[in-house]
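Here's a quick briefing to read alongside the sequence and the fold. Have a look at the structure first, then work through the points below.

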Amino acid sequence: MKLSYRTEEGERLGALLWEFGPGWRMISSAMLGGGIGPRSWVLNAQVTAGYSRMDPVDHLIGLGPGGEGVGMMTAASVDRYTTGSDGGVEAVATVGLRVPTWAAAHPGHVDPELAPMRVGTINILVTVPVPMTDAALVNAVMTVTEAKTQALVEAGFPGTGTASDAVCVAVPLSGPEEIFGGPRSPYGARIARAVHAAVRQGALSWRPRDGK
């Protein structure tokens with residue numbers, strides 16, 4: 001993982017870059033590289049709280065190293081990332097909780113202070129040391145989300161996350177595939193514990209710094 005900085009709109013903004021190289025498959029909800037497929041890098045880029053660019057994918061491509069990768073954005077300060085690990089599973093989270101929200105809000109509800117481009121404020125990358133089927137990858141994303149929500153509730157935040165959280169799960173391409181990713185499966189349980197540790201640590205230590 002590499003942490004770097006750039007200046008945009010007069011602000012010093014960080015970015016986390018993981019260069020996995022060939023031989024990896026990922027599932028992600030990110031704008032760049034979302035879905036399921038081979039990917040060689042993951043970028044978690046901090047942007048301004050009032051982000052209003054209408055070309056976020058092109059923006060992320062310009063910040064990445066080239067080739068097929070996953071690009072996530074957040075208004076949270078990425079240099080305050082937190083980590084968790086369990087049985088070979090590694091999780092890294094950037095946690096910003098300026099506007100926590102419940103997933104099942106009333107129709108027409110608009111969360112206050114959201115930027116025009118609703119950039120994610122809790123981004124999570126999980127690396128698993130074994131291949132997984134497509135179904136297991138989808139299940140793993142569910143497990144990540146459940147563990148994140150458990151951590152937020154335990155930390156006392158009134159919400160299941162923010163309105164635009166992003167997640168990425170990376171697994172090797174080759175080898176026998178795990179067919180389960182739920183929280184009671186062998187690797188799903190490790191994913192849950194690693195994510196819970198990372199997000200809970202981030203939530204407990206979260207304090208607004210310049211609104212990020």
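Start with K148: setting aside neighbours within four places in sequence, this residue touches I122, I124, T160, G161, D165, V195 and V199. Keep in mind that this is a predicted model. K148 sits in helix α2, and from there the picture opens out to helix α3 and the sheets.

**K148 and A151 in α2**

- Is K148 buried or exposed? With a relative accessible area of 9%, K148 is buried, because anything under 20% counts as such.
- One of the contacts of K148 is V195; the two are 47 residues apart in sequence, yet their C-alpha atoms are 6.4 Å apart in space.
- A151 is also in helix α2, which covers residues 134-154, and at 0% relative accessibility A151 counts as buried.
- Beyond its neighbours within four places in sequence, A151 is in contact with H196, V199 and R200.
- A151 and A198 are 47 residues apart along the chain and 8.7 Å apart in space, C-alpha to C-alpha.
- V199 shows up in the contacts of K148 and in those of A151.

**Helix α2 as a whole**

- The 21 residues of α2 should span 30 Å at 1.5 Å a residue, and the end C-alpha atoms are 31 Å apart, so the two values agree.
- Buried residues of α2 include A136, L137, A140, V141, T143 and V144, and also A147, K148, T149, A151 and L152.
- What do the buried residues of α2 pack against? They pack against β3, β4, β9, β10 and α3.
- α2 lies across β3 (24-28), β4, β9 and β10 (166-172), and runs at about 135° to β10.
- After α2 comes G156, which has a positive phi, near 90°.

**Helix α3**

- α3 takes in residues 186-205 and lies across β7, β8 and β9, running at about 155° to β7.
- For its 20 residues, 1.5 Å a residue gives an expected span of 28 Å; the end C-alpha atoms of α3 are 29 Å apart, which agrees.
- Among the buried residues of α3 are V195, H196, A198 and V199, and the cover over its buried residues includes β7, β8, β9 and α2.

**The six-stranded sheet**

- This open sheet has 6 strands in the order β4-β3-β10-β9-β8-β7, with mixed pairing.
- Its edge strands are β4 (35-38) and β7 (82-86), each of them paired on one side only.
- Neighbouring strands here are turned by 15° against each other on average, direction ignored.
- Inside the sheet, β8 (residues 89-95) and β9 (residues 122-127) run antiparallel and are joined by 6 bridges.
- Opposite E90 stands T127 in β9.

**The four-stranded sheet and α1**

- A further open sheet has 4 strands in the order β1-β2-β5-β6, and its pairing is mixed.
- β1 (2-8) and β6 (69-74) stand at the edges with a single partner strand each, so each has one side without a neighbour in the sheet.
- The twist in this sheet averages 20° from one strand to the next.
- How many bridges join β2 to β5? There are 5 between β2 (residues 11-19) and β5 (residues 41-46), which run antiparallel.
- L16 stands opposite N44 in β5.
- Helix α1 (residues 56-63) lies across β1, β5 and β6, at about 115° to β6.

Terms used:
Residues numbered from 1 in each chain as written. Predicted model: local features only at pLDDT ≥ 70, side-chain atom pairs only at ≥ 80, totals over all residues. Heavy atoms only, no water. Helix = DSSP H or I, 4+ residues; strand = E, 2+ residues; numbered from the N terminus. Buried < 20%, exposed > 50% of the residue type's maximum accessible area, 1.4 Å probe, protein only. Contact = heavy atoms within 4.5 Å. Pairing = 2+ DSSP bridges. Axes fitted to C-alpha atoms, helices over the stretch in contact; angles between N-to-C directions. Expected span 1.5 Å × (residues − 1).
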